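Please take the sequence and the structure together, and follow the paragraphs below with both in view. The walk begins at a single side chain and then turns to the elements around it and elsewhere.

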Amino acid sequence: DEEFDELCFEFGLELDEITSEKDIISKEKGQEKAKGASDVILYKIDVPANRYDLLCLEGLVRGLQVFKERINLPRYEKIIPAEGEGQRLIITEQTAQIRPHAVAAVLRNITFTKERYDSFIDLQEKLHQNICRKRALVAIGTHDLDTISGPFTFTAKAPSEIKFKPLNQSQEYTASQIMDLYRTDSHLRHYLHLIENKPRYPVIYDSNGVVLSMPPIINGDHTKISLNTRNVFIECTGTDITKAKIVLDVIVTMFSEYCEKPFTVEAAEVVYPNGKTHIYPELAYRTEKVKPEHINKKIGISETPSSLAKLLTRMCLKSHVIGNGNHLEVEIPPTRADIIHACDIVEDAAIAYGYNNIQMVIPKTYTIANQLPLNKLTELLRLDLAAAGFTEALTFALCSQEDVADKLGMDISATNAVRIANPKTAEFQVARTTLLPGLLKTIAANRKMPLPLKLFEISDIVVKDPNTDVGARNYRHLCAIYYSKSPGFEIIHGLLDRVMQLLEVPPNEENGYTIKASEASAFFPGRCAEVFAKGQSIGKLGVIHPDVITKFELTMPCSALEINIEPFV
Amino acid sequence: FTEMPTDNFVESSFWNFDALFQPQQHPARDQHDTFFLLDPAEAPQLPPGYTSKVKKVHSQGGYGSQGYRYEWKVEEARKNLLRTHTTSASARALFRLARQEKFTPVKYFSIDRVFRNESLDATHLAEFHQVEGVVADRGLTLGHLMGILRQFFTKLGISQLRFKPAYNPYTEPSMEVFSYHEGLKKWVEVGNSGVFRP
């Protein structure tokens, strides 16, 4: 097990869990239900999101075996059948509105066993979830070719005109009935919305009118694949042609292993509405030229060109040295759709070399370090506020709408708050425009602590601002509250004076700070003041209004100060 | 290391995803993982010249890359969100660096809040902090990256390190950094890193 774990780690996979079917059922349903389940060890392996070729056992094993140099990477060939003998998929113009692209291929004389069959279905599901974006971009359909006869037509028809027996059902349904039938199906109901409200649904027929499938929902029962199936017709339909091609390439390269002539795929012809034809699968082999010294430099190693070529070949990128040794020709197989730049090749070389074999060095870059002035000021103030006897709090930047508006006696539109479109809970509806609710909630959660409770926070608030490039900006606020049997206005005022003293702002109107009496809904009338400095209003202080105190589930008087410290940077 | 400005929780999809080569159909841009904004919903301004370059690289390729080959939509890039990683601030910092008249090597860092649309549990919060570091210079290698990471973690008291190949849309090669946790008696992931794609 450790050996396999090491291998996965080196290759770039994560061995998540070693378990068995029995363990899984035990954990989910209890040991009773697990009796009789298989004891065979299962490995749960995490595959990086961009490696579609490792999503099935066949691909994973192949990749690891080439990595360990046990086998050579197979060469995938496409066989173009003689004129008139190949399968054809004709796309009609009606699909343009809903699912314009389609590709197809045939796996000839394939032999399925139970494991291979399960793996085949499993790979389709994984691809659907991953690159196909839950069937929205591409949907895969696989059919027993011997039950149907081409040429096949991919078109789109009104729901009432489509009628067939869906997979594993016992009777025929119209398309609209199928929608209703699967509305409660835990698996398929998530895909219904992709075509539900459109005037026409996509559908694929054979030359006798037998329905192969209604992508992306379900295949027909007529063409379902069994363990006895010998010839498979694969079609991928979708809205993104690049991804459809990749998906088709992955499926055929993975499972052509089991064809009579291993690693061969029979091509099919796709006819477009404008008459143009295209042969699929593309199975394109691309070559890139890279300089060995470039690879060495980027990683920080010094390997000879021929050993680099060997390393890359281990990663399924067959390479050899060309010219007089200063170039490598790298062949990128159709299974590696993730290689899109020379840097991807560099990464693979590094993986084959072994990340942990690379020597670690410190860059010789000399730079002069700086702290951001705003953060430096914040850190200094934090220390001094703590020295003044206040305790620092760190609260959430997101809160509910009531927290910044209703509970403070204001209307939400007056707050200029940034609102979230898709909060998971009501606690994350808006970004805070004031630090006050956070501190009040913190006190409410700590009522059992001895009085007085003196908290502060120096952190960002968010407001809308049409002058920024995104439409909102942060302001660094300082907020302090005093909660005790008496409101302590003088203590909060004293704190403001202390902060201004630290900031070297004198207490006069012309070039310093002043406070003037004012009104605010969150504060007690007659006990509220606005703070002015540097020619602008920078915040407020005062005794908190009893309504506000009650709304935050508190019972004692409280006074607070909140100012914007950015003008003092 | 010089501190980068990160005082914008609200970010456009452009800086958070597109400029970092994360494709527009990527699952992380889903409703499930990102907080999208109702108000302001769209970023009024995107850097014009840079935006068309990003569009080209996604849809056709460029700078030696094949690209993703899909239709890149500017409306998608305009969508505002609460940033999911401080790498968006790094992207902005590198953009500013690129516009300097003369290139100077830099080392940047930031420690600030990020937001992910997750349900809260023992190991997940919707808001948390990230530490981010960027080094830009000529002739940097993967070995240099590993060297810096080792020094950084050693200063935090974590010295048993292993590096594992990983995948990020914006870095290639990428590495996850693992450290051996004595208490749990297993290797746990302590960081993620990579060399930015050309």
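**From one arginine to the strands and helices**

The side chain of B:R113 makes a polar contact with the side chain of B:E127, at a distance of 2.8 Å. This is a predicted model, and every distance below should be read with that in mind. B:R113 belongs to strand β5 of chain B, and with a relative accessible area of 4% it is buried, because a residue counts as buried when this value is under 20%. A polar atom of the B:R113 side chain also lies 2.8 Å from the backbone oxygen of A:T395, a residue of chain A. If neighbours within four places in sequence are left aside, the contacts of B:R113 include A:L394, A:F396, A:R432 and A:E457 in chain A, and B:F9, B:R83, B:F128 and B:H129 in chain B.

The strand that carries B:R113 is part of an open sheet of three strands in chain B, which has the order β1-β5-β6 and mixed pairing. Its edge strands are β1 (2–3) and β6 (127–136), each of which pairs on one side only. Between β1(B) and β5(B), which covers residues 106–115, there are two bridges, and these two strands run parallel. To find this pairing in the structure, look for B:T2, whose bridge partner in β5(B) is B:Y108.

It helps now to step back to chain B as a whole, which contains five helices and nine strands. Read from the N terminus on, these elements follow the order β-β-α-β-α-α-β-α-β-β-α-β-β-β. The radius of gyration of chain B is 18 Å, close to the 16 Å that the globule rule gives for 198 residues, so the chain is as compact as a globular protein of that length. Taken along the principal axes, its C-alpha atoms fill a box of roughly 50 × 45 × 30 Å. Of the 198 residues in chain B, 53% count as buried, and among the contacts with a separation of 6 or more, 64% come from residues 24 or more positions apart. Chain B exposes about 9,100 Å², and carbon and sulfur atoms supply 53% of that area.

One helix of this chain, α2(B), runs over residues 48–59, and its 12 residues should span 16 Å at 1.5 Å a residue; the C-alpha atoms at its ends are 17 Å apart, which agrees. Its buried residues are B:T51, B:V54, B:V57, B:H58 and B:S59, and they pack against α1 (13–16) and α3 (74–78) of chain B. Just after the helix, B:G61 takes a positive phi of about 105 degrees.

In chain A, a good place to begin is strand β5(A), residues 101–107. Six of its seven residues are buried, so the strand is largely enclosed by the rest of the structure. Which strands pair with β5(A) in the antiparallel sense? One is β13(A), residues 232–238, which pairs with it over seven bridges, and another is β14(A), residues 264–271, which pairs with it over two bridges. A:V106 has a bridge partner in each of these strands, namely A:F233 in β13(A) and A:E266 in β14(A).

The strand β13(A) appears again when we turn to helix α5(A), residues 114–129, whose buried residues pack against α4 (57–67), β6, β13 and α7 (241–255) of chain A. Those buried residues include A:S119, A:F120, A:L123 and A:L127. The helix has 16 residues and reaches 23 Å from its first C-alpha to its last, close to the 22 Å expected at 1.5 Å a residue.

Strand β6(A), residues 138–144, contains A:D144. Is A:D144 buried or exposed? At 9% relative accessibility, this residue counts as buried. A polar atom of its side chain lies 3.1 Å from the backbone nitrogen of A:D146. The C-alpha atoms of A:D144 and A:H222 are 8.6 Å apart, although these residues are 78 residues apart along the chain. Leaving aside neighbours within four places in sequence, A:D144 is in contact with A:T223, A:K224, A:I225, A:T229 and A:N231.

Technical notes: Residues are numbered from 1 along each chain as its sequence is written. Chains are lettered from A and ligands numbered from 1 in the order in which they are written. This is a predicted model: local features need pLDDT of at least 70, side-chain atom pairs count only at pLDDT 80 or more; totals for chains, interfaces and linings use all residues. Side-chain values use heavy atoms; hydrogens and water are left out. Helices (H or I, at least four residues) and strands (E, at least two) are DSSP runs, numbered from the N terminus. Buried means under 20% relative accessible area, exposed over 50%, partly exposed in between (1.4 Å probe, protein chains only). Contact means heavy atoms within 4.5 Å. A polar contact is a pair of N or O atoms within 3.5 Å; within protein, one must be able to donate a hydrogen and the other to accept it, and residues adjacent in sequence count only if both atoms are side-chain atoms. The expected span of a helix is 1.5 Å times one less than its number of residues. The radius of gyration is taken over C-alpha atoms; the globule rule is 2.2 Å times the number of residues to the power 0.38. Accessible areas come from the Shrake-Rupley method with a 1.4 Å probe; for residues, only the protein chains shown count as cover. Two strands pair if DSSP finds at least two bridges between them.
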